[in-house]
Amino acid sequence: MNWIRVLVILCSLYVQSTVGQSVSVTVSTDKEITTIDDHFVGVTLDSSMLAISVNWEGLDLSSPKVQTLAKALSPGYLRIGGTPGDFMTFDPTGHGGTSANSTYTDAKWDELNAFVKNVGWDLVFALNVLKRKEGQWDPDNAKELITYSNARNYKIPAFELGNEPEYFPEPFTNTISGAQLGRDFVHLREILKSTPGFESTLVIGPDVTGISGPKSILFQNFFEGEGSKAVDRITFHQYYAFEADATVNTCIDPKVMDSLISDIHRVRNVTTPSNPDTPLWLGETSSFYGGGTPALSDRYVAGFLWLDKLGVASRMGLKGVLRQSYYGHNYSLIEMNTFEPYSDYWLTLLYKRLVGNKVLSVQTNSTNSFRVYAHCAKQNSVYNYKPGSVVIYIVNVNIYTTVVTFPQFQKNMDLFWLRPEFTELTSRNVTLNGKRLDYVNNTIPDMPPQKAYGGLLMLPARTFGFAVFPDADVDICR
């Protein structure tokens, strides 16, 4: 009888290709390899959106749709950062004589803080490091912002200082060394520690993207100098390629996915000697830099890279992954102006709802085209999984259907399998267990699992998703 029910599930997954691989998946359940917390996945908005002249680029922070979609991803961090923020001026009145392209007002700041409070996000804000005086960061405008925030009881969990400093424009590239940037960070830390209400605010940085080659000198000098003493979280930025160079094949190439592993090792080689215990974050990351690739970064196919990134980052001990971006450009989670969720929004939501804090080791006999990650399942979500449950998520970039067995878990399975709406990997919309996901009437749809039994699955080629084992009864997941 169990086998018949499994066959029904296989049919519902609409398998189109022939079986080409059998994989056995075993999870080590004696102890976790590392942990994440509920803030592990966050999002970003570009600093430029704060400017008077830009007006959030069409993002309506008061929209019920925008707020409902954001609340569903809480808790998490919202990082406001980017190159424009390096010059941005806080001008409470908007009449201070600075350019409207690089100024934000008290009204904008109030609106932002009201939004994050309402949706349950914690703000990470990048300060204007390129305001300089006598070769050092000039903190006067930042102090004005902090004083204003303190008077209104705004809680700012974290500040950054600058964005991708190895690419500062001239003349700053040659005048701000890694050592000097480290001293600027120390100055910021001193200001926060001496300001009532901000003593526990985190200092995060240095938000580099150049982690190898000549551009990595700044990164190295930052941690060889005083910067190592100033940061509570270490951040670097990561993308897989430039947007114009990306193709469908880039999104499903295991070698591209594995490049993140090499990047994390490079960062740790620099930071571990001075900061072995400082948590490491992907402070800004997505598929392809330059705004993302049209019809790729906002399509189903981008989910292969995104889900694998979350798996690699958690397995390798990172403590934060901030997705570029919640809104704006081709790699956003929601569509510009309409606010319609893209495929990666639904994938992110499922991750937040299903994946718990303890990361488990996985053993398989598969190639790196079939990528498997495991955690204790989240218990405090809409699914109310009981203690002891395990969740496995799989990225299958094989060109054939894969038969998967789970020798430890022979009982119930809850499947959350995501496929493109149509056969093309570049489909705009995504289906969950065969049903298209849509946001209707300001409501997140029900996203129920497909029930399966027997410890065996047949997973379609070039798809991804989650399997929860509610009866796994794993002690460390209690």
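In which strand does P206 lie? P206 belongs to strand 11, which covers residues 202-208. The legends below start from that strand and then visit other parts of this predicted model.

**Figure 1. Close-up of strand 11 around P206 and D207.**
Let us begin with the backbone. G205 and P206 are joined by a cis peptide bond, with omega of about 10°. P206 sits in strand 11, and D207 is found in strand 11 as well. D207 deserves a look of its own: its phi is positive, near 55°, in a residue other than glycine. With a relative accessibility of 0%, D207 counts as buried.

**Figure 2. Close-up of the cis peptide bond between Q324 and S325.**
Here the bond running from Q324 to S325 is cis, and omega is near 5°. S325 is placed in the loop that links strand 16 (320-323) to helix 12. Readers who follow the chain along this loop will meet helix 12 again in Figure 6.

**Figure 3. Close-up of A295 and its positive phi.**
A295 is not a glycine, yet its phi is positive, at about 65°. Where along the chain does A295 lie? Look for A295 in the loop between strand 15 (288-289) and helix 11. Is A295 buried, exposed or partly exposed? Its relative accessible area is 36%, and A295 is partly exposed.

**Figure 4. Close-up of the packing of helix 10 against helix 11.**
Two packed helices are described by the angle between their axes and the distance between the axes. For helix 10 (residues 254-271) and helix 11 (residues 302-315), the axes come within 10 Å and cross at roughly 30°. Angles under 35 degrees count as roughly parallel, so helix 10 is roughly parallel to helix 11. Their crossing is right-handed. On the helix 10 side, the contact is made by V256, M257, L260, I261 and I264. Helix 11 brings F304, L305, D308, K309, V312 and R315 to the contact. Sorted by class, this contact has 8 nonpolar residues, 3 charged residues and no polar ones.

**Figure 5. Close-up of helix 11 and the residue G317 that comes just after it.**
Helix 11 has 14 residues, which should span 20 Å at 1.5 Å a residue. The C-alpha atoms at its ends are 20 Å apart, in agreement with that value. Of the 14 residues of helix 11, 13 are buried, so this helix is largely enclosed by the rest of the structure. Just after helix 11, G317 takes a positive phi of about 90°.

**Figure 6. Close-up of helix 12, residues 343-354.**
How many residues does helix 12 have? Helix 12 has 12 residues and reaches 17 Å from its first C-alpha to its last, close to the 16 Å expected at 1.5 Å a residue. Here 12 of the 12 residues are buried, so helix 12 is largely enclosed by the rest of the structure. Among the buried residues are the aromatic-looking names a reader may wish to find by eye, including Y345, W346 and Y351. D344, K352 and R353 are buried in helix 12 too.

**Figure 7. Close-up of T34 and the residues it touches.**
T34 is placed in strand 2 (residues 34-35). With a relative accessible area of 15%, T34 is buried. Which residues does T34 touch, not counting residues up to four places away in sequence? They are S314, R315, G317, K319, N357, K358 and V359. R315 is also one of the residues through which helix 11 contacts helix 10. T34 and L360 are 326 residues apart in sequence, and 7.5 Å apart in space from C-alpha to C-alpha.

**Figure 8. Close-up of M49 in its loop.**
M49 is found in the loop between strand 3 (41-46) and helix 2 (64-71). M49 is buried, with a relative accessible area of 1%. Leaving aside residues up to four places away in sequence, M49 touches V54, N55, W56, E57, L59 and Y327.

**Figure 9. Close-up of helix 3 crossing helix 4.**
The axes of helix 3 (residues 106-119) and helix 4 (residues 140-151) come within 12 Å, crossing at roughly 55°. That angle makes helix 3 oblique to helix 4. This crossing is right-handed. The contact joins D106, W109 and D110 of helix 3 with L145, Y148 and S149 of helix 4. By class, these residues divide into 3 nonpolar, 1 polar and 2 charged.

Key:
Residues are numbered from 1 along each chain as its sequence is written. This is a predicted model: local features need pLDDT of at least 70, side-chain atom pairs count only at pLDDT 80 or more; totals for chains, interfaces and linings use all residues. Side-chain values use heavy atoms; hydrogens and water are left out. Axes are lines fitted to C-alpha atoms, for helices over the stretch in contact, and angles run from 0 to 180 degrees between N-to-C directions. Helices (H or I, at least four residues) and strands (E, at least two) are DSSP runs, numbered from the N terminus. Angles under 35 degrees count as roughly parallel, over 145 as roughly antiparallel, 65 to 115 as roughly perpendicular and the rest as oblique. A crossing is left-handed if the near helix is turned anticlockwise from the far one by less than a right angle, and right-handed if clockwise. Contact means heavy atoms within 4.5 Å. Ala, Val, Leu, Ile, Met, Phe, Trp, Tyr, Cys and Pro count as nonpolar, Asp, Glu, Lys and Arg as charged, and the others, Gly among them, as polar. The expected span of a helix is 1.5 Å times one less than its number of residues. Buried means under 20% relative accessible area, exposed over 50%, partly exposed in between (1.4 Å probe, protein chains only).
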